[in-house]
Amino acid sequence: MNLFGDFHFIRPAWLLLIPVVIGVWWRLGKLLDPLRGWRDVMDRELLHAMHVGADDSKGFERYSLLAAWLLGAVAIAGPTWRPEPSPFADDPVASMVLLSAAETMDLADLSPSRMERARLKISDFAEERKGQPTGLIAYAGTAHLVLPPTRDTSVVAEMAAEISPGIMPKSGSDLMSAFELAIRTMGKAGGTVVVVTDTVQSGLEDQLKAFRGENRIPVSFLAIARDDTPELDAINNAARSVGGRVTLMSADTSDVQGLAREVASAPVVVGEEGEGTRWAEAGWWLVPVIAVIVIAGFRRVD
């Protein structure tokens with residue numbers, strides 16, 4: 001979750017109330033001013049000198065009223081920065097696994113090879129998600145759908161075992177095409193994306209940020225790389241750009257276990273057309289503040 005990147009208003013049109021509120025407050029202040037008639041015919045300094053018994057609390061009351069109205073408009077607009085989980089507890093989150101089949105995945109610096117390590121990790125991940133919808137996309141210079149989300153996760157592991165750079169029609173590492181294919185495959189139901197890769201090509205930061213702005217789906221990276229390497233740094237940079245998290249490959253299954261828990265608890269889009277991601281309403285946090293301001297505004301100063 002990125003507080004500053006994800007902060008927005010659920011109902012931004014209500015912010016148009018702000019100039020209306022200010023206008024009404026200003027006009028109300030004019031109408032309730034007991035000296036408004038004198039202000040038009042008497043010099044300001046003279047009127048101030050002749051005015052006896054001015055109550056400073058009046059100004060406090062007026063501005064506290066304005067503050068309460070403005071906060072009320074903001075609260076109605078629905079400020080939010082945090083997606084909320086699906087209200088359907090029995091509806092598991094679909095997950096698309098994006099497996100890199102770039103030529104670098106054939107390197108054997110990670111015995112027996114990076115590709116074989118990735119296949120084994122996907123098999124473990126599929127086992128952890130048994131019975132939960134999981135799909136598979138293979139990408140190199142182009143992205144290809146291997147399996148749409150299926151509850152038969154054993155098939156995902158079997159198909160991943162057949163993926164290799166040698167069968168890909170075009171060399172390269174087009175991660176953006178894989179992201180777009182995952183979005184089209186999941187459709188309105190939404191879900192999460194897990195990228196299994198040894199590195200991410202440089203220069204994608206702007207594209208990844210644009211993708212994040214258009215598609216606020218949870219993204220995770222399973223890094224088939226060693227710690228403190230340029231490959232891992234590239235994955236970390238990509239994850240930051242897309243608002244995702246990175247799990248570094250481990251010798252045991254603790255990495256995929258943590259990744260499976262992360263995916264299972266991720267917020268998802270709601271199923272109704274046009275609603276997009278379900279965001280947690282945060283405007284109600286302003287209600288106690290508004291109440292305190294209103295109560296303080298009724299205080300009288302002797």
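**Entry 1: salt bridges**

I searched the whole structure, which is a predicted model, for salt bridges and found 7. I then looked up several of them one by one.

I began with E281, which forms a salt bridge with R11. The closest N and O atoms of this pair are 3.1 Å apart. I noted that E281 lies in the loop between helix 11 (254-264) and helix 12 (286-297), while R11 lies in the loop between strand 1 (8-9) and helix 2, so the pair ties together parts that are 270 residues apart in sequence. I also checked how covered the two partners are. E281 counts as partly exposed because its relative accessibility is 30%. R11 has a relative accessibility of 33%, so R11 counts as partly exposed.

**Entry 2: the salt bridges of R114**

I turned next to R114. Which side chain meets that of R114 in a salt bridge of 2.7 Å, N to O? I found the side chain of D198 there. This pair links distant parts of the chain, with D198 in the loop between strand 6 and helix 9 and R114 in helix 6, 84 residues apart. D198 has a relative accessible area of 1%, so I recorded D198 as buried. R114 counts as buried because its relative accessibility is 7%.

I recorded a salt bridge between the side chains of R114 and E231 as well, at 3.8 Å from N to O. E231 lies in helix 10 and R114 in helix 6, so this pair ties together parts that are 117 residues apart in sequence. Is E231 buried or partly exposed? I found E231 to be partly exposed, because its relative accessible area is 26% and buried means under 20%.

I then followed the shared partners. D109, R114, D198 and E231 are joined into one network by salt bridges that share partners.

**Entry 3: R119 in helix 6**

I stayed with helix 6 (residues 114-128) and looked up R119, which has its place there. The relative accessibility of R119 is 17%, so R119 counts as buried. I listed what R119 touches, not counting residues up to four places away in sequence: A160, A161, I163 and S164.

**Entry 4: the strand 6 surroundings**

I examined strand 6, whose cover I wished to know. Strand 6 is mostly covered, and 6 of its 6 residues are buried. I sorted these residues by direction. T192, V194 and V196 point one way from strand 6, whereas V193, V195 and T197 point the other way, and all are buried.

How many bridges join strand 3 to strand 6? I found 5 bridges, and the two strands run parallel. For one position in this pairing, I noted V196 in strand 6 as the bridge partner of L99. Strand 6 is also joined to strand 7 by 5 bridges, and these two strands run parallel. There I found T197 opposite A223 in strand 7.

**Entry 5: the nonpolar cores**

I looked up the largest nonpolar core, which has 27 residues. Those that touch the most other members are L98, L175, F179, V193, V195 and F221. I listed the elements that give two or more residues to this core: strand 3 (95-100), strand 4 (134-139), helix 8 (175-186), strand 6 (192-197), helix 9 (205-214), strand 7 (219-223) and helix 10 (230-242). Which element gives the largest share of this core? I found that helix 8 does, with 7 residues.

I took F179 for a closer look. Leaving aside neighbours within four places in sequence, F179 is in contact with L98, V193, V195, L208, F211, V219 and F221. I noted another core, of 26 residues, lying apart from the largest one. Its members include L99, I122, L147 and V256.

**Entry 6: a nonpolar surface patch**

I ended at the surface. V20, V24, L28, L65 and W69 make a nonpolar surface patch of about 370 Å². The elements that give two or more residues to the patch are helix 2 (17-31) and helix 5 (57-77). I recorded helix 2 as giving the most, with 3 residues.

I checked L65, whose place is in helix 5. Why does L65 count as partly exposed? The reason I recorded is that its relative accessibility is 32%, and partly exposed covers values between the buried limit of under 20% and the exposed limit of over 50%.

Notes
Residues are numbered from 1 along each chain as its sequence is written. This is a predicted model: local features need pLDDT of at least 70, side-chain atom pairs count only at pLDDT 80 or more; totals for chains, interfaces and linings use all residues. Side-chain values use heavy atoms; hydrogens and water are left out. A nonpolar core is a set of buried Ala, Val, Leu, Ile, Met, Phe, Trp, Tyr and Cys residues joined through side-chain atoms within 4.5 Å. Buried means under 20% relative accessible area, exposed over 50%, partly exposed in between (1.4 Å probe, protein chains only). Helices (H or I, at least four residues) and strands (E, at least two) are DSSP runs, numbered from the N terminus. Contact means heavy atoms within 4.5 Å. Patches are made of residues with over 30% relative accessible area and no salt bridge: like charges are joined within 9 Å, nonpolar side chains (Val, Leu, Ile, Met, Phe, Trp, Tyr) within 5 Å. Accessible areas come from the Shrake-Rupley method with a 1.4 Å probe; for residues, only the protein chains shown count as cover. A salt bridge is a side-chain nitrogen of Lys or Arg within 4 Å of a carboxyl oxygen of Asp or Glu. Two strands pair if DSSP finds at least two bridges between them.
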